[in-house]
Amino acid sequence: MWKDRSRPMGKWKPPPGNAHIQFRKRLAVLEGTILFIVLLIVAQLVNLQILQHQKYAAKADNIQFVSKEIPAQRGTIYDRNGKILALDISVKTVYADTKNIVDIDHTIHVLSKTLQIPAEKIRAKLKEPYPRIKRKVTIEEYDKLIDAKLKGLVFEDDFQRIYPKGILGSHVIGCVNVDGEGIEGTELQYNKILAGKKGIIKWLRDGRGNYLSSLGKTLSLSEQGKDIYLTIDEHIQHIVEEEAEKGWKDFSPHQISIIVMDPISGEILALVNKPAYNPNNPGAYSAEHRRNYAVTDLFEPGSIFKIVTAAAALEEKKVRINEPIHCEGGRWFVRNHYLHDTHSYGTLTFDQVIIKSSNIGTVKVAMRLGEEKFYDHVSRFGFGKKTGIDLPGEIQGIFRPLHQWSGYSITAIPIGQEVGVTCLQATRTMAVLANGGYLVTPHILKDIKTTEKIARQEPQKIGPILSSETLEVLNKTLARVVSEEGTATRAQIKGYKICGKTGTSQKFVGGRFSHSLFVGSFIGFLPLEKPRAVILVKVDEPKGAYYGGVVAAPLFREIAWRMMQYWDIPPEPNDKTIAMKLP
Amino acid sequence: MKITRRKIPLWIPNIILGSILLLTYVLLTCRITALGYRIASISKRYEELKSWNQYYKSRILSESASGRIQTKAKALNLSLEIPQNWAVREIVHVERSQPSHGKVEAATR
């Protein structure tokens, strides 16, 4: 080992002269420099760690953490018996991180085959840095993509609205758009309740880009939307849709609307419009299919409006039920125009006027009431106002204020002309006769299910607007409409007493009443003693036949009969029949 | 004979203790990170299973919808008559040539 032999071993001695002073000075300079550097480092550390802590912590967060929106699951829609009508299922949105794709051709091939997208379309998308390949990818497709172990694919959580019953109740349930926001029906009406609240989470990302959800920070949790229960009964809805389909095939009409309502509570048990649409794919249908005609469209009610006229006249005691009224042989010149009946009637009692649906007899009774009284009674039934149903797009109908009536109006409105009503308004009118004279608010929402409690929708009603005497007499008369002597023989069901009224009206097209386009309707309730359901059937522009008693009454009968079986309501036997419970 | 104990400088146990604490911290951090990966993978699997569950639930609901059952029954030529709970029968008196001996007889149709 090399040793410096020039210096003797032993205690260190300062070099002679002022060399040691010079050395001490250099040492002091060196120490000062080191101290200065250390101080600089400490100062910088203080600056970074304390003074600018927030700025750099945020920068580090931005690199290490990724903010992601947590989609909120939409609430489930149930029918009144808890059967699911609409629900959200988890799906994925597929993105491509093009920098990380290893084999681009293989990736395109797998994506195209799995997601059913043309390969050229995917290739074009992959020219962008972070393209979205497809939204709403099902778990089946997602699993296939995971199995393929493709590099550079990123999956984000999302939800897809599913309507498992397809077309059933589409106009009531409605549908959502691609972003999961309600655009029709209940989905739109109760969007705020169903939608919930999106959340935000910050996920820790490692060097390879993997997310560590457990080491993340949840900034706000997503809140699932609330579940709602509708008043609809899935089974009744199905019965009505089936019968509407039969009516559609038999008469090839422009449109059919059917409403089934509980007359006591105003709960809508079924609501059908045809044409209808499948809410799973609303984009494939025209606006005409998605339109809820029963709520958003009006029609001239024709003879079914005679119920209101008769109720008003009986209530004001302007006519007795058995009072004879001369029906002018089917043609009557009044207020400068001729009024016609479909048959030439001479003198009919007032109940026969209703049963035979005489226009002349009805107008004569209305004229006894006078315009003001008649207007007042019609207003009490809520015509010209919205019913308040919790479905979007309801219109108020047409019932002009008294000062806008012409001299002719008192001869037209009592028989359902010069007025425009919605199917809902007409159904509600019949419900007044069925529930003891109360004007109920039709509604669709039964309950909102929350974690705390179930909020019940209390039925709202106004009235009574008719006395019990009027109701008794009128209901007995309307029960005879659905008998061999009335216009609704085809609505009869053996063993069940039904109250009803047929209606046939000409459509107003191009400023005049059409002689080829009609609306046939029937409205009724059953059983007479303890009404359970009001059913309205409206067939718009039927082909082949057009009378309400021919096109609408048979549909009513089938629906009512099946409902009675479903509810297990026994028929009422008389002295010629017996009711048998079948095994 | 007097035994003299060598004094250990204070910094040595400090460094040892510090190293042990540092090592424990590093090990714990590594363990937390490893657990984080495991939790992330398990929660991903849980979400996938939940999605499958929802998917099958919606499929069952779709397949069991009345409309779907009817379509299938039609395709398979099966009758889907809904059984009636109630029937109304007319009472018809049966005329007999022989005396009824006080018995009431009736038939339904």
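The following questions and answers deal with a predicted model of chains A and B.

Reader: How are the residues and chains labelled, and which pLDDT values are needed in this predicted model?
Author: Residues are numbered from 1 along each chain as its sequence is written, and chains are lettered from A and ligands numbered from 1 in the order in which they are written. Totals for chains, interfaces and linings use all residues, whereas side-chain atom pairs count only at pLDDT 80 or more and local features need a pLDDT of at least 70.

Reader: What length does helix α18 of chain A reach from its first C-alpha to its last?
Author: Helices (H or I, at least four residues) and strands (E, at least two) are DSSP runs, numbered from the N terminus. Helix α18(A) covers residues 468-481, which is 14 residues. The expected span of a helix is 1.5 Å times one less than its number of residues, and for α18(A) the expected value is 20 Å. The helix comes close to this, reaching 20 Å.

Reader: Why do the buried residues of α18(A) count as being on the same side, and what arc do they cover?
Author: A residue is buried if 20 or more other C-beta atoms lie within 10 Å of its own, exposed if 12 or fewer, and partly exposed in between, with C-beta atoms placed from the backbone. The buried residues of α18(A) are Thr470(A), Leu471(A), Leu474(A), Thr477(A), Leu478(A) and Val481(A). They lie on the same side of the helix because the arc, taken from the directions from the helix axis to the C-beta atoms, is only 140°.

Reader: Which residues are exposed on the other side of α18(A), and what covers the buried ones?
Author: The cover of the buried residues includes α12 (306-315), α13 (350-356), α17 (423-434) and β21 (499-509) of chain A. On the other side of α18(A), the exposed residues are Ser468(A), Glu469(A) and Glu472(A).

Reader: How do helices α9(A) and α20(A) run relative to each other, roughly parallel or roughly antiparallel?
Author: Helix α9 (residues 234-251) and helix α20 (residues 553-567) of chain A pack with their axes 10 Å apart and at an angle of about 155°, where axes are lines fitted to C-alpha atoms, for helices over the stretch in contact, and angles run from 0 to 180 degrees between N-to-C directions. Angles under 35 degrees count as roughly parallel, over 145 as roughly antiparallel, 65 to 115 as roughly perpendicular and the rest as oblique. The two helices α9(A) and α20(A) are therefore roughly antiparallel.

Reader: Where does Lys165(A) lie, and is it buried or exposed?
Author: Lys165(A) is placed in the loop between β5 (153-162) and α6 (170-173) of chain A. Two residues are in contact if their C-beta atoms, placed from the backbone, lie within 7 Å, and, leaving aside neighbours within four places in sequence, Lys165(A) is in contact with Leu85(A), Glu234(A), Ala65(B) and Gly67(B). Because 28 other C-beta atoms lie within 10 Å, Lys165(A) is buried.

Reader: Which element supplies the largest share of the side of chain B that touches chain A?
Author: The contact takes 31 residues from chain A and 26 residues from chain B. On the chain B side, α1 (11-63), α2 (66-75) and β1 (86-92) each supply at least two residues. The largest share, 14 residues, comes from α1(B).

Reader: In what order do the elements of chain B run, and what percentage of its residues is buried?
Author: Chain B has two helices and two strands, which run α-α-β-β from the N terminus on. Of the 109 residues in chain B, the buried ones make up 4%.

Reader: Is Ser357(A), with its positive phi, buried or exposed?
Author: Ser357(A) is not a glycine, yet its phi is positive at about 60°. This serine is found in the loop between α13 and α14 (359-369) of chain A. Because Ser357(A) has 27 C-beta neighbours inside 10 Å, it counts as buried.

Reader: Which loop holds Pro275(A), and what is omega for the peptide bond before it?
Author: Pro275(A) lies in the loop between β10 (268-274) and α10 (287-290) of chain A. The peptide bond from Lys274(A) to Pro275(A) is cis, and its omega is near 5°.
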